[in-house]
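Hi,

Here is the structure we discussed handing over. My notes follow below it.

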Amino acid sequence: MDSLAAPQDRLVEPLLSPRTQAQRRLKDVDKQYVGFATLPNQVHRKSVKKGFDFTLMVAGESGLGKSTLVHSLFLTDLYKERKLLSAEERISQTVEILKHTVDIEEKGVKLKLTIVDTPGFGDAVNNSECWKPVTDYVDQQFEQYFRDESGLNRKNIQDNRVHCCLYFISLSGTGRLRPVDVGFMKALHEKVNIVPLIAKADCLVPGEIRKLKERIREEIDKFGIHVYQFPECDSDEDEDFKQQDRELKESAPFAVIGSNTVVEAKGQRVRGRLYPWGIVEVENQAHCDFVKLRNMLIRTHMHDLKDVTCDVHYEKLPRAVHPADDQVKLTQDSRMESPIPILPLPTPDAETEKLIRMKDEELLPRRVALASTTYPEVQFLYEAKALRTVLSPQVSSPEPNTWSAASSPCGVSGGATNC
């Protein structure tokens, strides 16, 4: 019947409308469609429903525009209740760790953003080991995640590990990295993805910025500092993405400008800074690298920053105490001092033992008959056991070791066979 219907369908198809013909072709395609090509859509739908989290640390001395840059990146004011300190208070202030968390939603995608600020860093007269509170905080987050991951309830683990650190380099008179810059980056480069930034780039002309970038790159290589390395592009990527990746690699370290003020330039309202000699636009790539930093941090490499944190930095970090050691110690302590009294196991009474013995004697002939059909020597053993049971039921004597159950392929053991 199908062979007769096929020629008729081919004759009728030219007479159908184009829409009907398209629907028929779609039905033919659906017959050859399995459906696993929708797996990316399923992952996307689940990820959007769950939401994303990202932890960003900003470090550098006061007055470099850290909070302004964060506000410009995410268009969110995280420092509404911030208190500005005087110069004397900043000198006497110790390094603190402040964490700000905000939930951002854009086109249905939710992001839990955590900003870790380090007020007081680099403001003291003696800045030796001023990065110690920062490294301790990073290690604490790693250990906390390790404990949560090793626990029983791993369904809703909060990932507070630092995924990226924006380190602000101040413009010094020599144009080189200061000892505090080198010490901070060397203390954290094995634990966090460090992205160095040149703060207040509007103080330099383009030629000075290029020379400063080259000098900073040379000193980073000289001191053996490992900053975040952009991953290589795949061969199947389009040319626009490859060009963007090349520009990002050439622009590092990024020279940035932050501003929360909207000014009017050439008839358009833009975010920037107004000077007597002109306007510096934050989102103008000819003025600074703010757009490149935002694209790298949010639009192209946010997931890679999280992957490097999880697969590289987190795996290399030594664990202070292995969970197995805690479990062994806990087991030993619970054995020595148990809050619940350990009760002895109940022993069967005389009546129960008598019923068990009677049942064993009842099943003994069947076991002997079953075993003797394959292994005649087994019959002798069971007869000897039956004779001992009859003569001295209350005395338990060791079994004869002339034959063991392990040597039998049937696995005869304890009066039972597994044939």
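**Helix packing and a sheet**

Helix 6 and helix 11 are roughly perpendicular to each other (the class for angles of 65 to 115 degrees). This is a predicted model, where local features need pLDDT of at least 70, side-chain atom pairs count only at pLDDT 80 or more, and totals for chains, interfaces and linings use all residues. Residues are numbered from 1 along each chain as its sequence is written, and side-chain values use heavy atoms, without hydrogens and water.

The two helices first. Helix 6 covers residues 132-150 and helix 11 residues 302-316. They pack at about 100°, with axes 12 Å apart. Axes are lines fitted to C-alpha atoms, for helices over the stretch in contact; angles run from 0 to 180 degrees between N-to-C directions. Helices are DSSP runs of H or I, at least four residues, and strands are runs of E, at least two, numbered from the N terminus.

Which residues of helix 6 meet helix 11? Phe142, Tyr145, Phe146 and Glu149 do, against Thr309, His313 and Tyr314 (contact: heavy atoms within 4.5 Å).

Now the sheet. It is open, with three strands in the order 7-8-9 and antiparallel pairing (at least two DSSP bridges per pair). Strand 7 (262-265) and strand 9 (278-281) are at the edges with a single partner each, so one side of each has no neighbour in the sheet. Neighbouring strands are turned by 70° on average, direction ignored.

Four bridges join strand 7 to strand 8 (268-275). Val263 faces Val270 there. Four bridges also join strand 8 to strand 9, with Tyr275 opposite Gly278. Strands 8 and 9 form a hairpin with two residues between them.

Best wishes

Conventions: Angles under 35 degrees count as roughly parallel, over 145 as roughly antiparallel, 65 to 115 as roughly perpendicular and the rest as oblique.
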